[in-house]
Amino acid sequence: MIRTPVCDLLDIEHPIALGGMGSATNAALVAAVSRAGGLGALGCHYLTPQQISERTAAIRQETNKPFGLNFLTFDTREDSFAEALELRPSVMQFAWARPDQDLRAYFSRAHDAGCRVTYMAGAVPEAVRAAKAGADVIIAQGSEGGGHVGWMGSLPLIPMIVDAVGPVPVLAAGGFADGRGLIAALSLGAQGILLGTRFLATVESPLHPNFKQAIVDSDGHDTQLSEIPDIAAGLVWPGAMTRSRRNRFVERWSGREWALRQNRVEALARLRAARESGDVDEGPLSMGQDAGLIHDIPRAGDLVTRIAREAEQILTQKLTQFVSKPN
Ligand SMILES: Cc1cc2nc3c(=O)[nH]c(=O)nc-3n(C[C@H](O)[C@H](O)[C@H](O)COP(=O)(O)O)c2cc1C
């Protein structure tokens, strides 16, 4: 079994975490990942205090293992954040703060509630800022990933962040989907991986079945970075674009973002209807380039076990053959 120090810090068995992906996470998915020994996380963005409390109770009904609650720092509702602290999850996952926000204030409140703090960063200065503010773990997120990402690819970014924030442990995110990815992340100095897209295509994921199938069908070359989903939603994200499936909706507005701003209300209504009905050509599907590595829709717990086992086999069987004794 592969165990790294971050497993002890977060009280988990496998160094494999679920990204708290807003409405793309639910209690069943979080519980399944945590029950299997990974770290589940519920996206609390836009949830009311009551919804957070109900969903946390639902997770706790299914497992007593640690899990996290995820907040987008730039757009955090104070009443929801306060409720989350009252619930005392093992981990508070933060991401995407505005430059003027005081991270230490958020992190201290989480620590006072007995939580570990993780912060996701897509650039070295942002990771250093979070480490200095007291984050227990930094998630280094490369631009291959799904959803909102920065500008640096995982391969250079992860070791750069490892070097910059050490001894604070780092989890690697963005483009990781299997045991090979876990071993690559460990080689880069990270202590584990955090996955988004891979967990979207699981039995427990709340995505419409058509969207799960679109991830399986993707060859990984059909994603695009744009501001189009945010413009439609009326959101101003601090320093990110969204990586999503390049479908009819994205192609319609690419290069015509000004027109999307003019027609935002109508476009958003169409987008929401398409999401509900499972229309993969007109609905938004945030996904990473690692969609090309995803070929099935397993149970999330089985996936955690599979990734852990595959990584161990690579480390103990495949890689050792490349080490030769000096003559
Ligand atoms: C649909 C979707 C929604 C996401 N929402 C959030 C979020 O609300 N908070 C967050 O910290 N990260 C969010 N992320 C980013 C993930 O936490 C993670 O960094 C990313 O998915 C990693 O790349 P991967 O998709 O290649 O695994 C989201 C990702 C996706 C695909």
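These legends go with close-up views of a predicted model.

**View 1. The eight-stranded sheet, opened up strand by strand.** Here's the open sheet of eight strands, with parallel pairing throughout the order 1-9-8-6-5-4-3-2. Strand 1 (16-18) and strand 2 (40-43) sit at the edges with a single partner strand each, so one side of each is left without a neighbour in the sheet. Going from one strand to the next, the twist averages 25°.

**View 2. The strand 2 edge and the helix lying on it.** Zoom in on strand 2, and its pairing with strand 3 (residues 67-72) shows up as four bridges in the parallel sense. One residue pair to look for is Gly43 with Asn70, its bridge partner in strand 3. Helix 2 (residues 27-35) packs on the sheet here and touches strand 1, strand 2 and strand 3. The direction of helix 2 makes about 165° with that of strand 2.

**View 3. Helix 2 meets helix 3.** How do these two helices pass each other, left-handed or right-handed? The crossing of helix 2 with helix 3 is right-handed. The axes of helix 2 and helix 3 (residues 49-62) come within 9 Å and cross at roughly 40°. On the helix 2 side, look for Ala27, Val30, Ala31 and Arg35; they meet Arg55, Ala58, Ile59 and Glu62 of helix 3. Sort the residues of this contact by class and you get five nonpolar and three charged, with no polar ones.

**View 4. Around the ligand.** The ligand has 30 residues surrounding it, and the closest are all glycines: Gly19, Gly145, Gly147, Gly196 and Gly288. Which elements give two or more residues to this shell? They are strand 3, strand 4 (91-95), strand 9 (192-195) and helix 9 (197-200). As for the make-up of the shell, 17 of its residues are polar, ten are nonpolar and three are charged.

**View 5. Where the two domains touch.** The protein chain is divided into domain 1, made of 5-205 + 297-322, and domain 2, which covers 209-277. Taken over C-alpha atoms, the centres of domain 1 and domain 2 are separated by 24 Å. At the contact, 14 residues of domain 1 meet ten residues of domain 2. On the domain 1 side, strand 7 (147-149) and helix 9 each supply at least two residues. The largest share of that side comes from strand 7, with three residues. By class, the domain 1 side has six nonpolar, seven polar and one charged residues. Helix 9 is worth finding in both this view and the previous one, as it also gives two or more residues to the shell around the ligand.

**View 6. The three-stranded sheet.** Strand 7 turns up again here, in an open sheet of three strands with the order 7-11-10 and antiparallel pairing. Strand 7 and strand 10 (223-226) are the edge strands; each has a single partner strand, so one side of each is left without a neighbour in the sheet. With direction ignored, neighbouring strands of this sheet are turned by 35° against each other on average.

**View 7. Strand 10 against strand 11.** A last close-up shows how strand 10 and strand 11 (residues 241-245) run antiparallel, joined by four bridges. To get your bearings, find Gln224, which stands opposite Ser244 in strand 11.

Key:
Residues are numbered from 1 along each chain as its sequence is written. This is a predicted model: local features need pLDDT of at least 70, side-chain atom pairs count only at pLDDT 80 or more; totals for chains, interfaces and linings use all residues. Two strands pair if DSSP finds at least two bridges between them. Axes are lines fitted to C-alpha atoms, for helices over the stretch in contact, and angles run from 0 to 180 degrees between N-to-C directions. Two residues are in contact if their C-beta atoms, placed from the backbone, lie within 7 Å. A crossing is left-handed if the near helix is turned anticlockwise from the far one by less than a right angle, and right-handed if clockwise. Ala, Val, Leu, Ile, Met, Phe, Trp, Tyr, Cys and Pro count as nonpolar, Asp, Glu, Lys and Arg as charged, and the others, Gly among them, as polar. A residue is near a molecule or strand if its C-beta atom, placed from the backbone, lies within 6 Å of it. Domain bounds come from an automatic or database domain assignment.
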